[in-house]
Amino acid sequence: MIENGAMLTDHGNRVARSSLIEVCEGTLTRIHPESLVMAQVERDDNTLVVDGKQYDLADLDRIFVIGAGKGSAAVVNAVRGQIGDQLTDGVVVEKHGQATSIAGVSVVEAGHPIPDESGLTATESVLALADRADENDLVIVCITGGTSAQLVAPPDGVSLVDLATLTESMLYAGLPIEEINAVRKHVSNVKGGRLLERILPATCISLVIVDEVAGEPWGPTVLDETTYKDAVEVLRKRSLWDAAPKSIRAHLKGGLHGVVTETPGPTDIQAARGQTVVLAGATDLCDAAMTEAEQLGFNATVLSSVLEGESRTVGTVLAAVAREIAERDRPIETPCVVISGGETTVTVEDEAGRGGPNQELALQFAIQTAERDDLALMAIGTDGTDGPTDIAGGLVDGTTAGRALERNISLFDHVHHHDSSPALEELGDAVRTGTTGTNVMDLRLLLIE
């Protein structure tokens, strides 16, 4: 899956780099939707079995499928393979540039991480399909990370421009994804369980690949435990309330005062006609990486599957962990691979260049481990894109800082100005995977020889 593996291994610590690429590719294969769906969804004649629950296909009038998020097309395609010709219709919303053909399913593209007009049109198609479903129908909804940006249905009085402005401000402020989604769910007619409202009374099966640190199933068909009060508190706590578009503040105030209907919570809708299945999460990602590393002969451990924080801070911490292991063989003996999942963030206060959280983390690690030939780090977004770039992440080692110095590249300046992509590209340390077909947060592989 690493498209530029030859370039990544023609310099620096070639052995360590090759090992990290091998571990990474094996991990991405293990958590690919085709494998995940086949483990949870199977068909035996006219019986569909989903995580042990049986559905008699003969009792159904129609079967629809809906997909949304980066890599959701691969999930839908795997589901399509199990359903076969009994699939009536379907629609998938993918990130721009990641659309793929699926028999009997319409695949449309939308913006990420900032919502756009394409997302509005795509969401209209999703809601139209949901409205077609009746009591004797089955709707299978496949959700992956990116859904919240790609499914766009602003409430009355809120424009797409206002919604995009709000989203951009929360991303630039480095808010955790749980807080961002608490707000987004309350400025939407599709999120926070509202899609489930449109699907009912049909039976709904939600297949979710979790890309949030909390590890809980989420998405537009999962009932919401947050409220308008939570959304307002997030914006106030993060000093974003006064700068939020007037239309959004008015809408959220309406929710606070009961003028606008709250998102459906666990007590509002009977769950008897629904099933939610988590196909994979950060724990599965880290476990898969540990298996791959051990098969290559390394000692392996998971540092954390829920590692959060500012990217440059996490890069510094991982460098300290690497030095402790290299110099003292604790808390694990070398040679080893230390694995972490989760999702770091980048807080942008001024103008920013081009980059993403994994790339910035990798550069900071390189700064902190200059001239340490025994250390290497690979940090990627598992969907193949890191932030608003087409770069998956970075692969650095103890030679990265030295090579930068030789080319008069200031890694410190690139980190400070959130401009990691150009530095990694010039040094040959930018990782490119293309669309991986999955999305299970971020993966960091730290190798100590």
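## Working through a predicted fold

At 1% relative accessibility, serine 420 counts as buried. Keep in mind that this is a predicted model. Let's start from that serine and work outwards.

**Exercise 1.** Work out which helix holds serine 420 and which residues it touches.

*Solution.* Start with the element: serine 420 sits in helix α17, which covers residues 420-427. Next, check the burial call: buried means under 20% relative accessible area, and serine 420 has 1%. Now look for the neighbours. Leaving out residues up to four places away in sequence, serine 420 touches Arg354, Gly355, Gly356, Gln359, Glu360, Leu363 and His414.

**Exercise 2.** Find out how the buried residues of α17 are arranged around its axis, and what covers them.

*Solution.* First list the buried residues of α17: Ser420, Ser421, Ala423, Leu424 and Leu427. Then look down the helix axis: these buried residues fall within an arc of 165°, so they line one face of α17. Now see what lies over them. The cover includes three helices, α14 (357-368), α15 (400-406) and α16 (411-416), along with the strands β13 (393-397) and β14 (430-431). Finally, step off the end of the helix: just after α17, glycine 428 has a positive phi of about 75°.

**Exercise 3.** Place cysteine 204 in its strand, decide whether it is buried or exposed, and give its distance to proline 220.

*Solution.* Cysteine 204 belongs to strand β8, residues 203-209. Its relative accessible area is 2%, so cysteine 204 is buried. For the distance, go from C-alpha to C-alpha: cysteine 204 and proline 220 are 12 Å apart in space, with their positions 16 residues apart in sequence.

**Exercise 4.** Zoom out and decide whether the protein chain is as compact as a globular protein of its length.

*Solution.* Count the elements to begin with: the protein chain has 17 helices and 15 strands. Its radius of gyration is 22 Å, close to the 22 Å the globule rule gives for 449 residues, so the chain is as compact as a globular protein of that length. Along the principal axes, the C-alpha atoms fill a box of roughly 65 × 55 × 35 Å. On burial, 57% of the 449 residues count as buried. As for contacts, take those with a separation of 6 or more: 79% of them join residues 24 or more positions apart.

**Exercise 5.** Describe the surface and the charges of the protein chain.

*Solution.* Take the surface first: about 17,700 Å² is accessible, and carbon and sulfur atoms account for 47% of that. Then the charges: there are 33 positive and 69 negative ones, and their mean positions lie 4 Å apart.

Note on methods:
Residues are numbered from 1 along each chain as its sequence is written. This is a predicted model: local features need pLDDT of at least 70, side-chain atom pairs count only at pLDDT 80 or more; totals for chains, interfaces and linings use all residues. Side-chain values use heavy atoms; hydrogens and water are left out. Helices (H or I, at least four residues) and strands (E, at least two) are DSSP runs, numbered from the N terminus. The radius of gyration is taken over C-alpha atoms; the globule rule is 2.2 Å times the number of residues to the power 0.38. Buried means under 20% relative accessible area, exposed over 50%, partly exposed in between (1.4 Å probe, protein chains only). Contact means heavy atoms within 4.5 Å. Accessible areas come from the Shrake-Rupley method with a 1.4 Å probe; for residues, only the protein chains shown count as cover. Lys and Arg count as positive and Asp and Glu as negative; His and the chain ends are not counted. The place of a charge is taken as NZ of Lys, CZ of Arg, CG of Asp or CD of Glu. The arc is that of the directions from the helix axis to the C-beta atoms.
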